[in-house]
Amino acid sequence: NLKNTFKKHTNNKVILDSLPFYYFCKNIFGDHKSANNDDNNLLVFPAKIPFSGQTQNEIKLQKTYFDYIKSLEKNFEKIFICIPYEDSFNEDYTKIFKKINLSYFTGASPSDSNSYIRLLQIFSLAKYFTTNTVGSGLVYAGILNKKISIAGPIYVPNRRLDNLYIPKDFEYSINQLANEYKRIESVEFIKNNFSNLILSNPIFAKENYDWAYNEIGGKHFISSEKACINLGLNYRDQFKKYIGNFIWKK
């Protein structure tokens with residue numbers, strides 16, 4: 001669907017491929033699934049709070065979720081909570097953890113060139129992975145053979161799209177996009193489309209590699225060499241770009 005949509009709006013060649021994290025895993029583990037550790041630990045990836053200028057309601061929702069996570073301590077040896085890097089700057093948010101005596105650390109920043117290495121280190125902390133939304137963390141954990149789940153109160157963000165840029169003659173309006181976000185992030189949508197991952201307790205979770213393989217686009221994987229060529233990252237294209245920049249600067 002994404003490929004067909006992009007083809008409507010560009011004259012460039014559109015190539016379908018798997019997500020970059022899958023390339024990283026293939027490079028580390030080859031064709032073998034990663035080994036699970038035997039620790040009865042739980043890794044929690046809470047939803048990212050969308051920046052809207054008004055986050056108090058979102059923080060209350062997260063507080064309810066972390067109360068639920070706190071109640072799981074009897075089921076696991078250790079619970080690790082990894083919050084989005086940007087959320088660590090929200091003092092009201094981080095105070096939640098102090099109040100209910102839960103420890104947390106931040107995930108890799110998008111600007112971190114070693115983010116996949118750090119993610120692999122984070123995922124190695126636990127055999128169980130849970131979250132309160134649908135996101136890439138579920139797919140990454142699943143492809144690493146973790147026991148994945150969506151458990152506890154599902155997080156419904158309050159998005160504001162006032163400043164969203166819409167290209168000229170784009171087929172959807174701001175209101176249509178806002179309604180679509182509201183639809184796909186609703187509790188009803190998540191329950192209807194991801195019911196196999198929704199559990200009352202993460203301790204009941206199972207490995208779901210086939211689902212993660214499909215979501216990460218594993219069947220569209222091509223070789224690293226071809227991917228570099230498609231992205232213009234092979235030595236020849238980089239050299240041509242360097243020469244072009246050098247001539248332009250002269």
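In what sense do β1 and strand β2, residues 78-83, pair, and over how many bridges? They pair in the parallel sense, over 4 bridges. I will come back to that strand shortly. First, a caution: what you have on the screen is a predicted model.

The overall numbers, briefly. The protein has 250 residues, and 38% of them count as buried. Its secondary structure comes to 11 helices and 7 strands. If you take the contacts between residues at least 6 apart in sequence, 69% of them join residues at least 24 apart.

Now β1, which covers residues 41-45. On one side it has β2, as I said, and in that pairing Asn41 stands opposite Lys78 of β2. β1 also pairs with strand β4, residues 128-131, again in the parallel sense and over 4 bridges. There, Phe45 has Thr131 of β4 as its bridge partner.

How many of the residues of β1 are buried? The count is 5 of 5, so the strand is mostly covered. Asn41, Leu43 and Phe45 point one way from β1, while Leu42 and Val44 point the other way. Both sets are buried.

That brings me to the cores. The largest nonpolar core has 30 residues. Those with the most contacts inside it are Phe21, Leu43, Phe45, Phe123, Phe129, Ile143 and Trp211. The elements giving two or more residues to this core are α2, β1, β2, α5, α6, β5 and α9. Helix α6 supplies the largest share, 5 residues. There is also a second, separate core of 23 residues, which includes Leu42, Phe97, Ala151 and Ala205. Looking back at β1, then, Leu43 and Phe45 belong to the largest core, and Leu42, which points the other way from the strand, belongs to the second.

Next, helix α2, residues 20-29. Which of its residues are buried? They are Phe21, Tyr22, Tyr23, Phe24 and Cys25. These residues pack against α5, α6, α9 and α10, the last of these being residues 224-230. Just after α2 comes Gly30, with a positive phi of about 65 degrees.

Two helix pairs are worth going through. Two packed helices are described by the angle between their axes and the distance between the axes. Take α5 and α6. Their axes come within 11 Å and cross at roughly 70 degrees. That angle makes α5 roughly perpendicular to α6, because anything from 65 to 115 degrees counts that way. From α5, the contact is made by Tyr116, Leu119 and Phe123; from α6, by Gly137, Tyr140 and Ala141.

The other pair is α3, residues 56-70, and α4, residues 91-99. Here the axes are 10 Å apart and the angle is about 15 degrees. The two helices are therefore roughly parallel to each other, and their crossing is right-handed. On the α3 side the contact is made by Gln56, Ile59, Gln62, Lys63 and Phe66. On the α4 side it is made by Asp92, Tyr93, Ile96 and Phe97. Phe97 you have heard before, as a member of the second core.

Now some loop residues, starting with backbone angles. Most residues other than glycine have a negative phi, and most peptide bonds are trans. Two asparagines here have a positive phi although neither is a glycine: Asn101, at about 60 degrees, and Asn145, at about 70 degrees. Asn101 lies in the loop between α4 and β3. Asn145 lies in the loop between α6 and β5.

Are these two asparagines buried or exposed? Asn101 has a relative accessibility of 61% and so counts as exposed, the cut-off being over 50%. Asn145 has 10% and so counts as buried, since buried means under 20%.

Last, Ser109. Where is it? Its place is the loop between β3, residues 105-106, and α5. Ser109 is buried, because its relative accessible area is 15%. Leaving aside neighbours within four places in sequence, Ser109 is in contact with Tyr85 and Ser115. The C-alpha atoms of Ser109 and Glu86 are separated by 8.1 Å, with the two residues 23 apart along the chain.

To return to the start: β1 pairs with β2 and with β4, and its 5 residues are buried. That is what I have for today.

Key: Residues are numbered from 1 along each chain as its sequence is written. This is a predicted model: local features need pLDDT of at least 70, side-chain atom pairs count only at pLDDT 80 or more; totals for chains, interfaces and linings use all residues. Side-chain values use heavy atoms; hydrogens and water are left out. Buried means under 20% relative accessible area, exposed over 50%, partly exposed in between (1.4 Å probe, protein chains only). Two strands pair if DSSP finds at least two bridges between them. A nonpolar core is a set of buried Ala, Val, Leu, Ile, Met, Phe, Trp, Tyr and Cys residues joined through side-chain atoms within 4.5 Å. Axes are lines fitted to C-alpha atoms, for helices over the stretch in contact, and angles run from 0 to 180 degrees between N-to-C directions. Angles under 35 degrees count as roughly parallel, over 145 as roughly antiparallel, 65 to 115 as roughly perpendicular and the rest as oblique. A crossing is left-handed if the near helix is turned anticlockwise from the far one by less than a right angle, and right-handed if clockwise. Contact means heavy atoms within 4.5 Å.
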